[in-house]
Amino acid sequence: MSSQQAEEIFSLNTTACMGPCPVFELSLYGDQKLVFNGKENTKIKGKKEVKLDDEQFEALLGIIQTADWANLKEEYKSTMQDLPTQNFTYNNNGVVKQVSRYGGGPASISNMSDTILTFVEEQVFAN
């Protein structure tokens with residue numbers, strides 16, 4: 001194992017809510033490594049690490065890049081109660097952005113967490 005770690009290009013972590021919100025952490029690296037840690041309400045429990053094939057990597061990156069990262073605000077907040085918080089970090093193609101979302105926000109990120117989770121559960125770790 002190399003002591004040099006590939007650069008993290010995307011991460012997402014989600015917090016709990018009173019209902020069945022999925023709670024997980026996900027990191028995607030430039031060497032196509034994906035680290036997923038399913039904590040609550042996910043099909044995948046615990047920490048899993050995999051090297052994505054080219055097709056999986058491009059598909060996941062495509063989902064991530066649907067957001068207009070350069071123009072997103074750092075924080076989106078809703079006045080609704082009991083929503084999970086989603087924390088995104090994006091570092092790719094010269095764009096570095098951290099976004100915290102508690103409800104609200106543009107459509108490009110509003111469903112991204114669910115889309116990413118579905119992709120990881122059904123395309124990457126489906127056994």
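**Notebook: core, Ser27 and the sheet**

I began with the largest nonpolar core of this predicted model: among its 30 residues, Phe10, Leu28, Leu34, Trp69, Met112, Ile116 and Val120 touch the most other members. Such a core is a set of buried Ala, Val, Leu, Ile, Met, Phe, Trp, Tyr and Cys residues joined through side-chain atoms within 4.5 Å, and buried means under 20% relative accessible area with a 1.4 Å probe, protein chains only. At least two core residues each come from strand 1 (8–14), strand 2 (23–29), strand 3 (33–40), helix 1 (54–64), strand 6 (86–92) and helix 3 (112–124). Helix 3 gives the most, with 6 residues. Helices (H or I, at least four residues) and strands (E, at least two) are DSSP runs, numbered from the N terminus.

My bookkeeping: residues are numbered from 1 along each chain as its sequence is written, and side-chain values use heavy atoms, without hydrogens and water. Local features need pLDDT of at least 70 and side-chain atom pairs count only at pLDDT 80 or more, while totals for chains, interfaces and linings use all residues.

Next I looked up Ser27, which is found in strand 2. Serine 27 counts as buried because its relative accessibility is 15%. Beyond four places in sequence, Ser27 touches Glu8, Phe10, Ser11, Lys33, Leu34 and Val35 (contact: heavy atoms within 4.5 Å).

Last came the sheet. I found an open sheet of 7 strands in the order 4-3-2-1-6-7-5, with mixed pairing (strands pair if DSSP finds at least two bridges between them). Strand 4 (46–51) and strand 5 (75–77) stand at the edges with a single partner strand each, so one side of each has no neighbour in the sheet.

Notes:
Buried < 20%, exposed > 50% of the residue type's maximum accessible area, 1.4 Å probe, protein only.
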